[in-house]
Amino acid sequence: MNNGRSVLITGASRGIGAAIAKGFAREGYSFVGINYHSDEAGARAVAEEVQANGAHAEIYQADISDSGDCQRLMEQFISDTGKIDVLINNAGGAQTIPAGSFAEMPVEYWDRQIRMNLSCAAYCSRIAIGDMLAKGTQGRIINISSVHSQVTWVKRKALPYCAGKAGMNMFTKALGVEVARHGIRVNCIAPGFIKTQLTTRYTQEQINAFERKIPAGILGRPEDIVPMALLLADEEKARFIVGQTFVIDGGQSIDGAIDSMMYDF
């Protein structure tokens, strides 16, 4: 039975975002918004699975690293649903890293990575919070960070990615505290090495080597992130959770395995 709640997931045409969209449909959410940037076919495939699980699905094209495009997306979603109950800021990622040291890094690369991995969440959250406050919605915002918000990726010179994701964690804390008294909850999930379409470039031998470096002995799956997302979106179960970041990484960050892992997205 549908629960009458709406959820918008950014970057949901594949990977973690797609898994979350399907998981929320199975949980009984009535309206699932699927944002994509360029993979329309992927977004439509996710929407079909969402609808097969009983939820209404809509796809929304937007480059949310652009504040104007983000505002268009959010306003369209809220117009379609009447309000936003849950926003999941999942979009982001590491671009191809330019050669050379930090001193040689193009400023444009830094700016784009910070927009993709931090600013976009602020753009979307600003509008979602405004709508929640205006309508008295005790909504939920879930940011998707990365284990690299806590353990650096120096070997790949991924400085802006790490900085952006670390900023996401602190953004979660600051915004979570600001809106907590209104019944709005803001929290964050920091995934470790998750096996997605991006990992198909590795050989099985490389995958096996990565798994040996993870205490759990396995790579994560997009589906491994879904239970925590559902928990944090729950109105009752997450009522006392404010501004927290939950690391789901098979023990990578605890064991210090990440710095010795040379995987390259």
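Is glycine 23 buried or exposed? Glycine 23 is buried, at a relative accessible area of 4%. The model is predicted, and this report starts from its overall form before returning to single residues.

## Overall form

The chain holds eight helices and seven strands. Its radius of gyration is 18 Å. A compact globule of 265 residues would come out near 18 Å, so the chain agrees with that expectation. Along the principal axes, the C-alpha atoms fill a box of roughly 50 × 35 × 35 Å.

Buried residues account for 52% of the 265 residues. Long-range contacts are well represented in the count: among contacts between residues at least 6 apart in sequence, 76% join residues at least 24 apart.

## Surface and charge

The chain exposes about 12,000 Å². Carbon and sulfur atoms supply 51% of that area.

There are 26 positive and 28 negative side chains. The centres of these two sets lie 3 Å apart.

## Aromatic cluster

The whole structure contains five aromatic pairs. One of them joins phenylalanine 31 and phenylalanine 77. This pair is edge-to-face, with 5.6 Å from centre to centre and 80 degrees between the planes. Phenylalanine 31 sits in strand β2 (residues 31-36), and phenylalanine 77 sits in helix α3 (residues 67-81). The pair therefore ties together parts that are 46 residues apart in sequence.

A further pair is formed by tyrosine 60 and phenylalanine 77. It is also edge-to-face: the centres are 5.9 Å apart and the planes meet at 70 degrees. Tyrosine 60 belongs to strand β3 (residues 56-61), so here the link runs from that strand to helix α3, across 17 residues. Ring pairs thus link Phe31, Tyr60 and Phe77 into a cluster. What is the relative accessible area of phenylalanine 77? The value is 0%, so phenylalanine 77 counts as buried. Tyrosine 60 is buried at 6%, because the cut-off for buried is under 20%. Phenylalanine 31 is buried as well.

## Helix α1 and its partners

Glycine 23 lies in helix α1 (residues 15-27). Setting aside residues up to four places away in sequence, glycine 23 touches Val226 and Leu230. The C-alpha atom of glycine 23 is 8.2 Å from that of proline 227. Those two residues are 204 apart along the chain.

Threonine 196 touches Gly15 and Pro222, again not counting residues up to four places away. Threonine 196 is placed in the loop between β6 (185-191) and α6 (204-213). Is this loop residue, threonine 196, buried or exposed? At 18% relative accessibility, threonine 196 counts as buried, because the cut-off is under 20%.

## Two residues of helix α4

Helix α4 spans residues 107-135 and includes aspartate 111. Glutamine 113 is found in helix α4 too. Their exposure is given separately. Aspartate 111 is partly exposed, with a relative accessible area of 34%. Glutamine 113 is buried, with 0% relative accessibility.

Which residues does glutamine 113 contact, leaving aside neighbours within four places in sequence? They are Gly93, Ala94, Gln95, Pro160 and Tyr161. Glycine 93 is 20 residues from glutamine 113 in sequence, and their C-alpha atoms are 7.8 Å apart. For aspartate 111, the C-alpha to C-alpha distance to proline 160 is 8.2 Å. Aspartate 111 and proline 160 are 49 residues apart in sequence.

## An exposed loop position

Serine 38 is placed in the loop between β2 and α2 (40-52). Where does its accessibility put it, buried or exposed? Serine 38 is exposed, with a relative accessible area of 67%. The cut-off for exposed is over 50%.

Serine 38 and alanine 62 are 24 residues apart in sequence. Their C-alpha atoms are 8.4 Å apart in space.

Key: Residues numbered from 1 in each chain as written. Heavy atoms only, no water. Helix = DSSP H or I, 4+ residues; strand = E, 2+ residues; numbered from the N terminus. Rg over C-alpha atoms; globule rule 2.2 N^0.38 Å. Buried < 20%, exposed > 50% of the residue type's maximum accessible area, 1.4 Å probe, protein only. Contact = heavy atoms within 4.5 Å. Areas by Shrake-Rupley, 256 points an atom, 1.4 Å probe, with all protein chains shown as cover. Lys, Arg positive; Asp, Glu negative; His and termini not counted. Charge placed at Lys NZ, Arg CZ, Asp CG, Glu CD. Phe/Tyr/Trp six-rings, centres within 6.5 Å; stacked < 30°, edge-to-face > 60°.
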